[in-house]
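Reader: I have a model open and a few things to check. Can we go through them one at a time?

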Amino acid sequence: MEPQVTDQFEHAVTEAYGLDRFHVTSSGRQALKIALDLLELPQGSYVAHQSYVCPAVTDAVMAAGLRPWLVDVDEHWQMSARTIRRSNPPDLGAIILSPPFGIAPDVEGLNEWECYKIMDACQMSPAGIRALDHESADLLVTSFHPTKYIPAFGGGIASLNKSYDARLEVLSSMERDFAPYPSLYAALGILQLENLDEIEFRRDWLSRRMYAAYPQVFEPIMQACGGQPARLMRFPARLAKPQAKRVIERLNSEGIAARHGVDTLIHRLIGLHDEFFPNSCRLFDHILSLPFHPSLNNAEQDRVVAAVHSLKEAV
């Protein structure tokens with residue numbers, strides 16, 4: 001490995017994301033595990049996060065010796081102060097904010113809980129992260145993956161509170177010794193960040209073509225992103241009827257890689273009842289995601305737009 005290439009990538013991310021300092025890790029999951037370790041919470045402390053999220057969040061919480069406290073989401077796919085309050089939580093050691101698809105997190109009212117806040121920005125774009133209120137959380141983690149906004153590999157962590165800088169330097173150094181970040185990944189990430197304007201343009205162009213084809217199903221995500229779809233990692237459609245599973249199966253059979261907004265709901269994985277997560281369940285049944293990647297060529301984009309048109313017949 002050539003450390004200087006990794007250093008260059010860290011510097012490029014720092015600049016693109018508007019951060020003071022950034023440390024790469026082997027994955028977004030590992031970045032979140034390091035963030036939790038950094039807080040030095042007592043073993044068994046509760047960490048609140050939403051059920052409508054990637055299982056890697058729960059994995060990281062449990063790997064850190066902590067206990068997940070699952071919370072329902074609101075109508076815009078994310079946990080809020082209202083849904084945390086409704087879950088009647090115990091004393092919380094931390095709250096992990098994991099807004100899906102690249103939308104901005106809902107931080108209003110979270111100061112009601114005097115605990116650490118971690119911004120899980122693994123699905124956010126560089127522009128979205130730059131626009132965050134960096135004083136609303138203690139730490140920020142992100143991810144690079146073919147399914148994420150920057151399709152390199154690995155993840156990273158940044159301190160939003162300078163009191164963590166020294167210990168983060170130690171933990172990230174240990175991470176590099178244990179699982180060095182490959183220079184090939186770093187070089188790929190640098191190249192992608194150099195082409196960030198093109199990535200944003202192509203995502204914006206495709207999302208607006210999809211929206212024009214069937215505005216009703218995309219209006220919720222357009223509102224959630226403030227009319228800036230170029231910042232989104234995914235552009236989900238919200239069906240009027242709970243038929244996402246059936247429509248996804250049909251599109252997959254036609255060669256269109258449609259999927260749910262999340263692969264599964266975490267509360268179902270650990271045996272909690274749906275009645276405590278009504279919004280998460282409803283969104284799971286109504287939301288589907290179509291291919292939304294800047295590398296799609298014109299013919300592939302035309303197929304995605306045709307699939308959007310077909311939704312009118314399906315619902």
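**Backbone, cysteines and surface**

Author: Glu-40 is exposed, at 57% relative accessible area. This is a predicted model.

Reader: Where is Glu-40 found?

Author: Glu-40 sits in the loop that runs between helix H2 (28-39) and strand S2 (46-50). Its phi is positive, about 55 degrees, although Glu-40 is not a glycine.

Reader: What sign does phi usually have?

Author: Most residues other than glycine have a negative phi.

Reader: And what is the phi of Trp-77?

Author: Trp-77 has a positive phi of about 75 degrees, and it is not a glycine. The loop between strand S3 (67-71) and helix H4 (81-86) holds Trp-77.

Reader: Is Trp-77 buried or exposed?

Author: Trp-77 counts as buried because its relative accessibility is 0%.

Reader: Switching to cysteines. How many disulfides does the count come to?

Author: The count comes to zero disulfides. Cys-54 is in none, and the nearest cysteine sulfur, in Cys-122, is 8.0 Å away.

Reader: Why is there no bond for Cys-122?

Author: Its closest cysteine sulfur, in Cys-54, is 8.0 Å off, so the distance is too far for a bond. The cut-off is 2.5 Å between the sulfur atoms. Cys-122 is buried, with a relative accessible area of 12%, while Cys-54 is partly exposed at 39%.

Reader: Last topic, the surface. Which residues form a nonpolar patch there?

Author: Phe-153, Leu-184 and Tyr-185 do, with about 280 Å² of accessible area together. Tyr-185 belongs to helix H7 (residues 183-194) and counts as partly exposed at 30% relative accessibility.

Definitions and conventions: Residues are numbered from 1 along each chain as its sequence is written. This is a predicted model: local features need pLDDT of at least 70, side-chain atom pairs count only at pLDDT 80 or more; totals for chains, interfaces and linings use all residues. Side-chain values use heavy atoms; hydrogens and water are left out. Patches are made of residues with over 30% relative accessible area and no salt bridge: like charges are joined within 9 Å, nonpolar side chains (Val, Leu, Ile, Met, Phe, Trp, Tyr) within 5 Å. Accessible areas come from the Shrake-Rupley method with a 1.4 Å probe; for residues, only the protein chains shown count as cover. A salt bridge is a side-chain nitrogen of Lys or Arg within 4 Å of a carboxyl oxygen of Asp or Glu. Helices (H or I, at least four residues) and strands (E, at least two) are DSSP runs, numbered from the N terminus. Buried means under 20% relative accessible area, exposed over 50%, partly exposed in between (1.4 Å probe, protein chains only).
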